[in-house]
Amino acid sequence: MDITRNQYFFAGLACLLLGFEFHMVESVELTANFTQFLAERTAHPLASVNTATQSLTQSDQPPAKKTIHPPDWLGWALISLGAVLILHSWAMKKPGS
């Protein structure tokens, strides 16, 4: 299956918007439930510690939240990739011609 002009344009637009988003934010704080989900899926020691602590204390305290600090270059890289994909889609032939 060949990738069409519209698919290149959409991928470029998605990368461009994600790049702007990563460029504008300084950090992202994940919810406690999602942090626990990631810890369980990656076999991180945090998952077993939180499960054991919650079962021993019988408390309803959520696990610690994780904060992610994306690197500065990530936003610029996604913006650049998105721009290249959009320009490439404009240079391609139109579908059906």
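Trainee: Let's start just after helix H2: what is the sign of phi at Ala43?

Mentor: Positive. In this predicted model, Ala43 comes just after H2 and takes a phi of about 55°.

Trainee: And H2 itself? Which of its residues are buried?

Mentor: H2 covers residues 32-41, and its buried residues are Ala32, Thr35, Gln36 and Ala39. To earn that word, a residue has to stay under 20% relative accessible area.

Trainee: How do you know that they line one face of the helix?

Mentor: Look down the axis of H2: the buried residues fall within an arc of 100°, so they sit along one face. The face turned away from that buried side carries exposed residues, Asn33 and Arg41.

Trainee: Now Leu87. Is it buried or exposed, and what makes it so?

Mentor: Leu87 is found in helix H4. Its relative accessible area is 52%, and exposed means over 50%, so Leu87 counts as exposed. Along the sequence Leu87 is 79 residues from Tyr8, with 9.2 Å between their C-alpha atoms.

Trainee: Why is Leu74 called partly exposed?

Mentor: Leu74 also has its place in H4. Its relative accessibility is 22%. Buried would need under 20% and exposed over 50%, so Leu74 counts as partly exposed. Its C-alpha atom is 9.8 Å from that of Phe20, 54 residues away along the chain.

Trainee: What makes Thr67 partly exposed?

Mentor: Same kind of check. Thr67 has 36% relative accessibility, and the range between 20% and 50% is the partly exposed one, so that is the label Thr67 gets. You'll find Thr67 in strand E2, residues 67-68. The C-alpha atoms of Thr67 and Glu29 are separated by 4.3 Å, though the two residues are 38 apart along the chain.

Trainee: Back to H4. Why are H1 and H4 called roughly antiparallel?

Mentor: The axes of H1 (residues 5-24) and H4 (residues 72-91) cross at roughly 160°. Angles over 145 degrees count as roughly antiparallel, and therefore this pair gets that name. Their axes also come within 7 Å, and H1 passes H4 in a left-handed crossing.

Trainee: What kinds of residues make up the contact of H1 with H4?

Mentor: There are 18 nonpolar, seven polar and one charged.

Trainee: How many helices and strands does the chain have, and in what order do they run?

Mentor: Four helices and two strands, running α-β-α-α-β-α from the N terminus. Of the chain's 97 residues, 22% are buried.

Trainee: Last one: which elements have the lowest and highest mean pLDDT?

Mentor: Helix H3 (residues 45-57) is lowest with a mean of 54, and H4 is highest with 96. For the chain, the mean pLDDT is 83, and 80% of the residues reach 70 or more.

Terms used
Residues numbered from 1 in each chain as written. Predicted model: local features only at pLDDT ≥ 70, side-chain atom pairs only at ≥ 80, totals over all residues. Heavy atoms only, no water. Axes fitted to C-alpha atoms, helices over the stretch in contact; angles between N-to-C directions. Parallel < 35°, antiparallel > 145°, perpendicular 65-115°, else oblique. Left-handed = near helix turned anticlockwise from the far one by under 90°. Nonpolar A, V, L, I, M, F, W, Y, C, P; charged D, E, K, R; others polar. pLDDT = per-residue confidence, 0-100. Buried < 20%, exposed > 50% of the residue type's maximum accessible area, 1.4 Å probe, protein only. Arc of directions from axis to C-beta.
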